[in-house]
Amino acid sequence: MTSTTPVSSEQASALRRGFDGFDLRAANRDGVSLGYRIAGTGPGVVLLHGYPQTGYCWHTVAAELASDHRVIVPDYRGAAGSDIPETGYDKENMAQDLAVVLDDAGVDSVHVVGHDFGMMIGYAYARLFPTNTRTLTVLDAILPGVPSFRKMIGASGLWHFGFNSQVQMATDLVRGRERIYFDWYFDNFCSDPSIISDEDREFYVAAAQRPGALASQFRLYSASVAEDEEANERALETGGKLKIPVMGVGGAYSIGAGIAAVIEEVATDTRVLSVEGAGHYLAEEQPDLIASALRDFFKEHSS
């Protein structure tokens with residue numbers, strides 16, 4: 001069930017940071033409050049964040065796009081501006097969360113943009129709601145259930161997928177050391193680690209230190225190598241590839257043009273952009289370039 005609910009003071013504090021001029025709202029799905037920011041007029045755009053971040057990572061890109069788009073930036077379940085249920089972290093269910101948010105926002109046709117786990121949610125949404133999805137853009141991520149998934153995990157040394165999937169063990173070992181653990185991601189997956197400021201790192205750490213939040217982050221991983229992998233394999237077998245336009249964007253310091261191997265396995269109309277001077281955290285490392293590339297892609301598919 002969908003209903004609009006007021007944002008709590010805690011939600012407002014998490015959602016407001018970096019989003020001056022955006023309205024702060026919350027949608028309710030079966031008792032789970034899902035916070036989001038919204039601003040601008042024009043074609044709908046939703047920006048989906050990944051781990052270990054929140055929608056805050058999009059603040060510069062969102063402000064730029066809001067000049068001529070209706071921009072929605074949620075915090076997905078478990079992240080700072082939303083509730084932390086113990087279940088529901090498979091990406092098809094989180095895509096249903098997104099559908100509730102977009103319904104609450106009054107947006108029924110949208111350009112979907114996802115980074116990291118946001119990419120997995122965005123792909124699930126595009127599969128479940130193809131007529132509502134104008135385009136799909138995926139930033140620097142891999143997708144469970146496609147042939148390249150296991151190969152890329154092994155070749156890239158992405159050991160943390162396995163570690164983080166062990167929810168209780170990972171929670172016990174990382175709790176109290178969140179800053180050390182998050183620094184490892186930002187220091188190793190950025191072209192220039194200083195781009196993610198100390199203040200921003202502390203913001204993400206504080207969000208992860210809410211009761212239950214750290215475990216919820218790791219549930220994203222456990223679901224990705226279980227439910228998501230099976231769901232995506234089944235979708236490809238039964239429904240085939242996406243027919244909507246899909247753009248894959250990779251940081252040259254990270255996956256780069258290798259993201260082609262991901263999107264070409266799940267979509268028929270694809271293009272690839274490799275961004276120089278960027279690693280994994282593209283929206284913060286090269287926000288102006290990302291906003292410009294998104295605007296051009298949306299304009300090309302405006303009808």
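Q: Is Phe-186 buried or exposed in this predicted model?
A: Phe-186 has a relative accessibility of 0%. The threshold for burial is under 20% relative accessible area. Because 0% falls under that limit, Phe-186 counts as buried.

Q: In which helix is Phe-186 found, and which residues is it in contact with beyond its neighbours within four places in sequence?
A: Phe-186 is found in helix α8, residues 178–189. With neighbours within four places in sequence left aside, the contacts of Phe-186 are Pro-52, Gln-53, Pro-193, Ile-196, Arg-201, Tyr-204 and Tyr-281.

Q: What distance separates the C-alpha atoms of Phe-186 and Tyr-123?
A: Phe-186 and Tyr-123 are 63 residues apart along the chain. In space, the separation of their C-alpha atoms is 25 Å.

Q: Why does Ser-82 count as buried, and which residues does it touch?
A: Ser-82 is found in the loop between β5 and α3. Its relative accessibility is 1%, and burial requires a value under 20%, so Ser-82 counts as buried. Not counting residues up to four places away in sequence, Ser-82 touches Gln-11, Ser-33, Leu-34, Gly-35, Asp-75, Tyr-76, Arg-77 and Arg-210.

Q: Which strands pair with β5, and in which sense?
A: Strand β5 covers residues 70–74, and four of its five residues are buried. With β3, residues 32–39, the pairing is antiparallel over four bridges, and Ile-38 stands opposite Ile-72 in β5. With β4, residues 44–48, three bridges are formed, and the bridge partner of Gly-44 is Arg-70 in β5. The pairing partners are thus β3, antiparallel, and β4, parallel.

Q: Which strands pair with β6 in the parallel sense?
A: Five bridges join β6 to β4 in a parallel arrangement, with Val-112 in β6 as the bridge partner of Val-46. Six bridges join β6 to β7, residues 133–139, also in the parallel sense; there, Gly-114 has Val-138 of β7 as its bridge partner. The strands asked for are β4 and β7.

Q: How many residues of β6 are buried, and which residues point each way from the strand?
A: Strand β6 spans residues 110–115, and six of its six residues are buried. Val-110, Val-112 and Gly-114 point one way. The residues pointing the other way are His-111, Val-113 and His-115.

Q: Which helix joins β4 and β5 in a β-α-β unit, and which one joins β6 and β7?
A: The unit made with β4 and β5 is right-handed and contains helix α2, residues 59–65. The unit made with β6 and β7 is right-handed and contains residues 117–128 as its helix. The helices are therefore α2 and α4.

Q: What span should the 14 residues of helix α13 have?
A: Helix α13 runs over residues 287–300, and its buried residues include Pro-287, Leu-294 and Phe-298. The expected span is 1.5 Å times one less than the number of residues. The end C-alpha atoms are 20 Å apart, which agrees with the expected span of 20 Å.

Q: How many cavities of 30 Å³ or more are there, and which helix gives the most to the lining of the largest cavity?
A: The count comes to six cavities of 30 Å³ or more, and the largest cavity holds about 90 Å³ of space. Among the residues lining the largest cavity are Leu-34, His-49, Tyr-76, Met-94, Asp-97 and Ile-121. The helix giving the most to this lining, with four residues, is α3.

Methods
Residues numbered from 1 in each chain as written. Predicted model: local features only at pLDDT ≥ 70, side-chain atom pairs only at ≥ 80, totals over all residues. Heavy atoms only, no water. Buried < 20%, exposed > 50% of the residue type's maximum accessible area, 1.4 Å probe, protein only. Helix = DSSP H or I, 4+ residues; strand = E, 2+ residues; numbered from the N terminus. Pairing = 2+ DSSP bridges. Contact = heavy atoms within 4.5 Å. 1 Å grid on protein atoms, 1.4 Å probe; cavity = no way out; pocket = protein on both sides within 12 Å on 5 of 7 lines; lining within 4 Å. Points joined across faces, edges and corners; volume = space filled by probe spheres on them.
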